[in-house]
Amino acid sequence: MSAKGLSFPKKPFKTFGGVTVPHKKATAVMDSVIMPPPKQVVIPMQQHIGAPCEPYVSPGDYVRVGQMIGDSDAYVSAPIHASVSGTVSKITNIILPNGVKSTAVVIDSDGEMAEDPTVLPPIITGLSDLLRASRESGLVGLGGAGFPAHVKLDIPEDKNVDTLIINVAECEPYITSDHREALENSWAVLSGVYAIKQLLKIKRVLIAVESNKPDVIEVLDKIAYNRVRDPKNEVRVLPLKTRYPQGAEKILIQACTGRQVPAGKLPVDVGCLVMNVTSVAFLATYMKTGMPLITKRITVDGSAIKRPANVIVPIGTPIKDVIEFCGGYLQTPKKILMGGPMMGLALYDDTMPVMKHTNAVIAFGENEARLPDETECIRCGRCMRACPMHLMPPAICQAVESKDINGMKKLGILDCMECGCCSYSCPAHRFIVQKIRTGKDMIRHSESK
Amino acid sequence: MTEKLYVSPSPHLRQGDSTRGIMLDVLIALIPAVVASVVLFGFRSLLIIGVSMFSAVLSEYICRRIMKRNNTAYDLSAAVTGLLVGLNMPVSINPFIPAFGSVIAIVVVKQMFGGLGQNFVNPAMAARIILMISFPTQMTRWTYAFGYIRTLDGLTTATPLADPSGLRNILDLVVGKSAGCLGETCGAALIIGGLYLIARRVITPVIPLTYIGTVFVMTALLGQNPFFHIFAGGLMLGAIFMATDYVTCPMTFWGKIIYGIGCGLFTVLIRLYGSMPEGVSFSIILMNILVPHIEKLTMPKFFGKEKKAS
């Protein structure tokens, strides 16, 4: 890694593939609005990658804002906190958007928003304090993956991380929640960056912003030049090319440092740590106030939404309450997405609660909801040119169709990050990503046998 | 909430192109060649092109009906095949021959192997070769360009490839003032069509450039007139419209280069040393068959596999 040196790139490194998607970021210029606490919140016990939490409360208990209501002994997990004050009415089972079953704590809000007395700013003197604090805060990767932050920050001793990349790419259409976070909370972003940089002894911080957010670049560039906290000017903003999927971790690392994360390896293996801008800003706020992760800024947009906006909502708020807060539906919704249109999950109804890693709720009317019919593959090769991982989607699909597990693996199916560039660019409108998921499932099944 | 929602896997956006749109672009790109054929050979060319297109679309329709598959007759891919078959006919031909050629292209070469996307050789090219072997006299009865103005039947002559002596200058070849099939003589019209396809990003220029470039270099090295060879015969039509057929050309970048060079090499060898002047047809079909192997050889390296992790 040392061979590459630690220069600050003026221009992003070249990345392969990708597609140009429509921006549709009309909410980028609107100030976020804070939603009042809803009547009832449904807080799932699985809002992260890793072991689900066990509920620590039972029906009838009175909970306050910020009180821990679920935790797990497992290392890869993150505790869950009450986002409103009120009475636990029941503990129920729900099916999350990704099809996973989870227990959920239902709290009837009393509208008081009474703060829990245990909410106190953490005392942070060293790295172990930071790790403990980020676990207690319930922080998970807020960019969408939901990977517990304390696991990510706990860098193995044999690995050397020299670069911290702050992800403000936000390459998905419609979504502007990170964009607003960076604008409205820019000081928190920077103080979070300085704290992590100092405690992890990181020498280079790149704040990667797609070029379609000139206001973010300008604001962060101005305050990133801070002689007191950053005398060597080791925190800089790097404008990226606007191209989907620029915000995907592996692509982002390549664009920022020119390094490629090998297949099956993690960013730490190439000396990089990637954090979402909202995660960093939250960490800084947590250090100041001690209030755990109980609200989330989400973008509510799409052709079926009357008043698109960025809304700061308590976690666990049912989506239909958020949409109601945004003026309700403009037309009959035909598809509701949690996340962006490229990688988001389609919901089967609008009672699903907002979770920690939810960054958008998008409701489409009939026109956008209907996908064109699938036709035969004409081998045009557009999917191949679009694939940022240099894969050959048609060959993978063929292997999946013939259930050739070794063939799929050889063709790199496990490297696919399901960004959707192939399906997006396919003139035959084939469901390539779905087929690849089927293939991955086959591999998982064959390995568990 | 009473309305049911669509639940589908991501991505939930599409870029908006369709197979039909691509095929329509190819048809548009061939308009200059069709216009040139009418100017050079008279309105009879429209009859031949019309018959072969109609026959192609009809056979596609009937085939899909008989096989009880979704009907692809409207996606214009059969129309493109029919048009290419028509453009590969001499003007004096009996219209039943191109009609028969289209039936072969669609039924035997395309649908019997599974329809669009499954045929391993270019249907129009295969049909041309079958017709060439089945009807050698009719298929090679060339007429001079503007022959229809001079006499009613036109004057028959040899293609410049078989008899280069009749050729006056290269410019005649470029504008198409020579004998040959309907669509292949006017190089300028074909190049305009090719530029349209490249501008619309329907094709990449890799295959036409490597193909034509190889023919140019090879013929120059072998002491021939390279300009004559790239404009004579079906090279332009083949390199721009037939060799770039998605279904039968490699998807990988380096595969396209190997394929283009291979087509060029075989074309020159067949033209100079073969007993038939059918260099373009045979070389494209030959390379079509090699495509799966070329693709396997030129598989892209996955992300993160380029260098060893240090």
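This passage describes the interface, a pocket and the nonpolar cores of a predicted two-chain model. Local features were taken only at pLDDT of at least 70 and side-chain atom pairs only at pLDDT 80 or more, whereas totals for chains, interfaces and linings use all residues. Residues are numbered from 1 along each chain as its sequence is written, chains are lettered from A in the order in which they are written, and side-chain values use heavy atoms, with hydrogens and water left out.

Chain A contributes 70 residues and chain B 44 residues to the contact (heavy atoms within 4.5 Å). Between them the chains bury about 4,900 Å², of which 60% is on carbon and sulfur atoms; buried area is the accessible area (1.4 Å probe) lost by two parts on being put together, summed over both. On the chain A side, A:Ile378, A:Arg379 and A:Arg382 lose the most area to chain B, together 16% of what that side buries.

The largest nonpolar core holds 78 residues, and among the members that touch the most others are B:Tyr211, B:Tyr259 and B:Ile284. Such a core is a set of buried Ala, Val, Leu, Ile, Met, Phe, Trp, Tyr and Cys residues joined through side-chain atoms within 4.5 Å, where buried means under 20% relative accessible area, computed with a 1.4 Å probe on protein chains only. When residues up to four places away in sequence are not counted, B:Ile284 touches B:Met125, B:Tyr211, B:Gly238, B:Met242, B:Ala243, B:Tyr259 and B:Cys263. A second, separate core of 46 residues includes A:Leu153, A:Ala188, A:Ala281 and A:Ile315.

Definitions and conventions: Buried < 20%, exposed > 50% of the residue type's maximum accessible area, 1.4 Å probe, protein only.
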